[in-house]
Amino acid sequence: MDKLCNKVVNAVEKYKMIDYGDNIIIALSGGADSVCLLLALLELKDKYNSTISAIHINHMLRAEESDSDEEFCVSLCTRLGISLVVERHDVALYAKLNKLSVEVAARDIRYEAFKKNSIGMKLATAHTSSDNAETIIHNLTRGTGLKGLLGIPPVRDNIIRPLIFASREEIEGYLELKNQDYVTDSTNLSDDYTRNKIRHKVVPSLQEINQSFTNTVSTNI
């Protein structure tokens, strides 16, 4: 078993994420993290006697790019023999009608779709140690109590996060080893969003001080 799958097993067993025989539906965006999660849980499905499926939400925010991401997920799941649910939502319109930011609207729609489609199942999301560190920093900048410093919970209700001990670098290395491509959301490359500024500027500075910063944050939750 490779290093990344070992980290997944460690997270699963530490937080009792998966019971033997669970049906697991994976939130699949097509990005590196979610594609890695899909492949890793497929590798481990016999260990837990689990059934794996996926769900993709097309937010319709990036025109042809959003449709291309959807097509990638459909093609990947077809090749892997995985059942895939696809939902399309006009997030921009929803945000306007409900006077929400696009980020908040997308999250609300996404998790409502996840909830509806994961009844009686475990929903696996691809949050990583890098995401967890970014969330804690984001919470600090907004002013938070002790709860905010705990970051992303590894388990919440039926939601599990098996990649919570894995860094973004480890995930990209795993996909390279598997010769597996993925899509890149162009909005993740922009510093227009607060989280992207944290990802591109703050976290690298902290890692210059402590190279294990993101891993240290998640292993202490």
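**Exercise 1. Salt bridges across the chain**

Find how many salt bridges the structure holds, and work out which parts of the chain the pair Asp 22 and Lys 122 ties together.

*Solution.* Start with the criterion: a salt bridge is a side-chain nitrogen of Lys or Arg within 4 Å of a carboxyl oxygen of Asp or Glu. By this rule the structure holds 13 salt bridges. Bear in mind that this is a predicted model, where local features need pLDDT of at least 70, side-chain atom pairs count only at pLDDT 80 or more, and totals for chains, interfaces and linings use all residues. Residues are numbered from 1 along each chain as its sequence is written, and side-chain values use heavy atoms, with hydrogens and water left out.

Next, take the pair itself. The closest N and O atoms of Asp 22 and Lys 122 are 2.7 Å apart. Asp 22 sits in the loop between α1 (3-14) and β1 (23-27), while Lys 122 belongs to strand β4 (residues 122-124), so the salt bridge ties together parts that are 100 residues apart in sequence. Helices (H or I, at least four residues) and strands (E, at least two) are DSSP runs, numbered from the N terminus.

Finally, check the burial. Buried means under 20% relative accessible area, exposed over 50%, and partly exposed in between (1.4 Å probe, protein chains only). Asp 22 and Lys 122 are both buried.

**Exercise 2. Two more pairs**

For the salt bridges Asp 33 with Arg 168 and Glu 87 with Lys 116, decide whether each partner is buried or exposed.

*Solution.* Begin with Asp 33 and Arg 168, whose side chains meet at 3.9 Å, N to O. This pair links helix α2, home of Asp 33, to helix α8 (residues 168-177), home of Arg 168, 135 residues apart. Asp 33 has 15% relative accessibility and counts as buried. Arg 168 is buried too, with a relative accessible area of 17%.

Now turn to Glu 87 and Lys 116, with their closest N and O atoms 2.8 Å apart. Glu 87 lies in strand β3 (residues 83-88) and Lys 116 in helix α5, so this salt bridge ties together parts that are 29 residues apart in sequence. Here the partners split: Glu 87 is buried at 12% relative accessible area, whereas Lys 116 is exposed at 51%.

**Exercise 3. Helix α2**

Describe the span, bend and burial of α2.

*Solution.* First, the span: α2 (residues 32-48) has 17 residues and reaches 24 Å from its first C-alpha to its last, close to the expected 24 Å. The expected span is 1.5 Å times one less than the number of residues.

Second, the bend: α2 turns by about 35° at Leu 42. This is the angle between axes fitted to the seven residues ending there and the seven starting there.

Third, the burial: 12 of the 17 residues of α2 are buried, so by the cut-off above the helix is mostly covered. Among them are Asp 33, Cys 36, Leu 44 and Tyr 48. After the helix comes Asn 49, with a positive phi near 50°.

**Exercise 4. The chain as a whole**

Which secondary structure elements does the chain contain, and what share of its residues is buried?

*Solution.* Count the elements: 10 helices and 6 strands. Then take the burial: 47% of the 221 residues count as buried.
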